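The exercises below are meant to be worked through with the sequence and the coordinates side by side. Each task is followed by a solution that goes step by step.

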Amino acid sequence: MKIKNIILALLFVLILNIGNIASASTQNSYKIAIVDVPALIDASPQIKALKKEQQKKLTELQKWLFVVKADIDKQKTQEGKEKLIKKYDEAFAKKQNEIQANYAKKIQAIDKSIMATIEKGAKDLGYNMVLTKDTVLMGGDDITKELLKNLK
């Protein structure tokens with residue numbers, strides 16, 4: 001009975017040590033990078049182009065609204081004004097939805113592109129874990145500058 005208890009105790013100690021050895025080896029094998037994602041987004045040529053495109057679309061929409069207002073003001077009857085307001089409200093909602101849908105689609109594609117840049121850059125630099133800079137108190141290597149060079 002004593003031998004059985006000793007064997008069980010040895011197995012228990014062995015199992016604990018295997019867990020410690022396994023966790024120590026995985027801790028040493030991780031190379032952690034940190035990335036300032038907002039800096040990448042701000043520097044992205046795709047984001048800059050999208051902002052210009054959105055500004056152009058908003059300017060066109062404002063010009064259209066001036067034409068709409070002038071058209072409504074030309075109406076002599078209240079009934080005519082109300083019909084035009086209803087017509088233009090529907091047209092405005094349609095234009096606004098198109099602009100928003102186009103923007104969302106492009107933002108999603110840009111997001112994928114930036115994430116792919118981060119993933120590829122980190123792998124190329126030998127990192128197997130990437131964390132955002134704002135979530136890390138200390139530790140990790142900041143690879144933001146290296147990634148900025150690879151933005152498309």
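**Exercise 1. A salt bridge within a helix, and its extension**

In which helix do E53 and K57 both lie, and how many residues apart are they?

Solution. Before starting, keep in mind that this is a predicted model. Step one is to place the two residues: E53 and K57 both belong to helix α3, with a spacing of four residues, which is about one turn of the helix. Step two is to look at their side chains, which meet in a salt bridge with an N to O distance of 3.2 Å, inside the 4 Å cut-off that applies to such pairs. Step three concerns the surroundings: E53 has a relative accessibility of 24% and counts as partly exposed, and K57, at 22%, is likewise counted as partly exposed.

Step four is to search for a further partner of E53, and K106 provides one, since the side chains of K106 and E53 meet in a salt bridge of 2.7 Å, N to O. Because K106 lies in helix α4 whereas E53 lies in helix α3, this pair ties together parts that are 53 residues apart in sequence. K106 itself, at 30% relative accessibility, counts as partly exposed.

**Exercise 2. A second salt bridge along a helix**

Determine which residue K123 pairs with in a salt bridge, and where in the fold the two partners lie.

Solution. The partner is E119, and the closest N and O atoms of the two residues are 3.3 Å apart. Both residues lie in helix α4, and because they are four residues apart there, about one helical turn separates them. Their exposure can then be assigned: K123 is exposed, with a relative accessible area of 56%, while E119, at 45%, counts as partly exposed. Returning to the earlier exercise, E53, K57 and K106 are joined into one network by salt bridges that share partners. The total count of salt bridges comes to seven.

**Exercise 3. An aromatic pair and a charge over a ring**

How many aromatic pairs does a search of the whole structure find?

Solution. The search finds one aromatic pair. W64 and Y88 form this pair, with 5.8 Å from centre to centre and 85° between the planes, a geometry that is edge-to-face. Next, locate the two residues: W64 is part of helix α3 (residues 45–74) and Y88 of helix α4 (residues 78–124), so the pair ties together parts that are 24 residues apart in sequence. For the burial step, the cut-off is under 20% relative accessible area; W64 counts as buried at 19%, and Y88 is buried at 13%.

The ring of W64 has another contact to record, as the charged end of K95 sits over it, 5.0 Å from its centre. A comparable arrangement can be noted for Y127, where K31 lies over the face of the ring at 4.6 Å from the ring centre.

**Exercise 4. The order of the sheet**

In what order do the three strands stand in the open sheet, and is the pairing parallel or antiparallel?

Solution. Begin with the overall inventory, which comes to five helices and three strands, arranged along the sequence in the pattern α-β-α-α-α-β-β-α. The three strands form an open sheet in the order β2-β1-β3, and the pairing is parallel. Because β2 (129–132) and β3 (141–142) stand at the edges and each has a single partner strand, one side of each is left without a neighbour in the sheet.

Now take the pairings in turn. Four bridges connect β1 and β2 in the parallel sense, and V35 stands opposite T132 in β2. Strand β1 (residues 32–35) is joined to β3 by two bridges, again parallel; A33 has D141 in β3 as its bridge partner, and I34 has D142.

**Exercise 5. A nonpolar patch**

Which residues make the nonpolar surface patch of about 310 Å²?

Solution. The patch is made by Y30, I32, M129 and L131. One of these, I32, lies in strand β1, and at 31% relative accessibility I32 counts as partly exposed. To set this beside the chain as a whole, buried residues make up 20% of its 152 residues.

Technical notes:
Residues numbered from 1 in each chain as written. Predicted model: local features only at pLDDT ≥ 70, side-chain atom pairs only at ≥ 80, totals over all residues. Heavy atoms only, no water. Pairing = 2+ DSSP bridges. Phe/Tyr/Trp six-rings, centres within 6.5 Å; stacked < 30°, edge-to-face > 60°. Buried < 20%, exposed > 50% of the residue type's maximum accessible area, 1.4 Å probe, protein only. Lys NZ or Arg CZ within 6 Å of the ring centre and 35° of its normal. Patch = residues over 30% accessible without salt bridge, like charges linked within 9 Å, V, L, I, M, F, W, Y side chains within 5 Å. Areas by Shrake-Rupley, 256 points an atom, 1.4 Å probe, with all protein chains shown as cover.
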